[in-house]
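Student: I'm new to this structure and would like a close look at a single part of it. Could you take me through the nonpolar core and the strands around it?

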Amino acid sequence: GDPGTITAPMMLVEIPGNAPLPHVVETLMNFTPSADGQGAGLVLASERGLPIFALTRGMCSGRPGCIGDGLYFDNLVAARLTPPGYESKTLAVDSNLPPGAPLLLRLIIDATGVPAYQGGPTGFTAIGTWDISKRAEDRLAFAGIMAFNGAAGAADQLAEFFQFYILKSMP
């Protein structure tokens, strides 16, 4: 489906509003998607709990911007507000991960944007950055992890193993 309308189980914690920026959100997980629309990773959400940014390892095929099993950094607000046929609001990167390999994901929240990173043995590799929306209803209020099982009626049920989840301020 459209990444702007994504709904998925999420575990969210409040981003401390009085803590200095930037905030760092990280998770280490083991997950390998096997069907279109499956994914798991980090999410940043609004005060209403609507996903705003999602950094996931997922499977996507048959649509522009899809690369199969890879890392997807979605700007879900932009996807909801952009008419069909306009530029993609997803940055896709080949994760080059073998099945079941641990994956370290990082989002950094600063005053103007949210850069995304993939961790590896030699440090972090940048995936891309999305600007933060100026709309009040899109204020980042929660950070967490999410997982989705794919298209409606998907037969494959996958387990996602999150080894840790961290939200911290980095003044």
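Tutor: Here is a walk through the core, starting with the whole chain and then moving strand by strand.

Keep in mind that this is a predicted model. The protein chain has one helix and eleven strands, and along the sequence they follow the pattern β-β-β-β-β-α-β-β-β-β-β-β. Of the 171 residues in the chain, 43% are buried.

Now for the core itself. The largest nonpolar core has 28 residues, and the ones with the most contacts inside it are Leu44, Phe53, Phe73, Leu107, Val114 and Leu140. Plenty of strands chip in: E2 (23-30), E3, E4, E5 (68-75), E7 (102-109), E8 (113-120), E9 (123-131) and E10 (140-149) each supply at least two residues of this core.

Let's zoom in on Leu140. Setting aside its neighbours within four places in sequence, Leu140 is in contact with Ile15, Leu44, Ala45, Ile52, Phe53, Ile109, Val114 and Ile132. Contacts that reach a long way along the sequence show up in the chain overall, too: among contacts between residues at least 6 apart, 65% join residues at least 24 apart.

There's also a second, separate core of six residues, which includes Val43, Ala54, Leu76 and Met146.

Next, the strands. Six of them form an open, antiparallel sheet in the order E1-E10-E3-E4-E5-E6. At its edges sit E1 (10-14) and E6 (90-93), each of which pairs on one side only. On average, neighbouring strands in this sheet are turned by 15° against each other, direction ignored. Inside the sheet, E3 (residues 38-46) and E4 (residues 51-60) pair in the antiparallel sense over seven bridges. One example is Gly39, whose bridge partner in E4 is Gly58.

Then take a look at E7, another of the strands that supply the largest core. E7 is mostly covered, with six of its eight residues buried. Strand E2 runs antiparallel to E7, and eight bridges join the two; Asn30, for instance, has Pro102 in E7 as its bridge partner. E7 also pairs with E8, again in the antiparallel sense, over four bridges. These two strands make a hairpin with three residues between them, and Leu107 stands opposite Ala116 in E8. You've met Leu107 already: it's among the residues with the most contacts inside the largest core.

Finally, the outside. The chain exposes about 8500 Å², and carbon and sulfur atoms supply 58% of that.

Key
Residues numbered from 1 in each chain as written. Predicted model: local features only at pLDDT ≥ 70, side-chain atom pairs only at ≥ 80, totals over all residues. Heavy atoms only, no water. Pairing = 2+ DSSP bridges. Axes fitted to C-alpha atoms, helices over the stretch in contact; angles between N-to-C directions. Core = buried A, V, L, I, M, F, W, Y, C linked by side-chain atoms within 4.5 Å. Buried < 20%, exposed > 50% of the residue type's maximum accessible area, 1.4 Å probe, protein only. Contact = heavy atoms within 4.5 Å. Areas by Shrake-Rupley, 256 points an atom, 1.4 Å probe, with all protein chains shown as cover.
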